[in-house]
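User: I would like to learn how to read a structure, starting with one residue and working outward. Where should I begin?

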Amino acid sequence: QVRLVESGGGLVQPGGSLRLTCAASGNIFSINAMGWYRQTPGKQRELVATVTSDGNTNYAGSVKDRFTISRDNAKNTVYLQMNSLKPEDTAVYYCNAGIRRSIRVPESVYWGQGTQVTVSS
């Protein structure tokens, strides 16, 4: 089995910072792209940022220049550094990853359970 576990969410004041961590564990042969998404009640889950296995990144326009995605391939971990947080960043943040469990098994997308980020004074 494969698990993605997020941590680092919480309550922060506007203008503050948080760092989210997502660690993949289990039967992993390789990990392709990893990413962060977020969702608020009544809305669809939206892309925040992605990073490929060789470090290429992509960001939603609303977070560019404020958020930074990075990964540690040796630890099967992806991070999201969030700076200059705004109330509209409040959401449940989910990580995902494209993972192959063996060379004979095609890639599947796995999701974490989500971590709440609340930006409020």
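**From one residue to the whole chain**

Analyst: Begin with accessibility. In this predicted model, Asp-89 has a relative accessibility of 1%, so Asp-89 counts as buried, the cut-off being under 20%.

User: Where does Asp-89 lie?

Analyst: Asp-89 is in the loop that links β8 to β9 (91-100).

User: Which residues does Asp-89 touch, leaving aside those up to four places away in sequence?

Analyst: The list is Arg-38, Arg-66, Phe-67, Ser-84, Val-117 and Val-119. With Arg-66 there is also a polar contact between the side chains, at 2.7 Å.

User: How do I read a sheet? In what order do the strands of the open sheet come?

Analyst: A sheet is read strand by strand, across its pairings. Here four strands make an open sheet, ordered β1-β3-β8-β7, with antiparallel pairing. β1 (2-7) and β7 (67-72) each have a single partner strand, so they stand at the edges and one side of each lacks a neighbour in the sheet. On average, neighbouring strands are turned by 15° against each other, direction ignored.

User: How many bridges join β7 to β8?

Analyst: Six bridges join them, and β8 covers residues 77-82. Phe-67 stands opposite Met-82 in β8. Phe-67 is also among the residues that Asp-89 touches.

User: What is the secondary structure of the protein as a whole?

Analyst: The protein has eleven strands and zero helices. Its radius of gyration is 14 Å, close to the 14 Å from the globule rule for 121 residues, so the protein is as compact as a globular protein of that length. Buried residues account for 39% of the 121.

Note on methods: Residues numbered from 1 in each chain as written. Predicted model: local features only at pLDDT ≥ 70, side-chain atom pairs only at ≥ 80, totals over all residues. Heavy atoms only, no water. Pairing = 2+ DSSP bridges. Helix = DSSP H or I, 4+ residues; strand = E, 2+ residues; numbered from the N terminus. Axes fitted to C-alpha atoms, helices over the stretch in contact; angles between N-to-C directions. Buried < 20%, exposed > 50% of the residue type's maximum accessible area, 1.4 Å probe, protein only. Polar contact = N/O pair within 3.5 Å; in protein donor to acceptor, adjacent residues only side chain to side chain. Contact = heavy atoms within 4.5 Å. Rg over C-alpha atoms; globule rule 2.2 N^0.38 Å.
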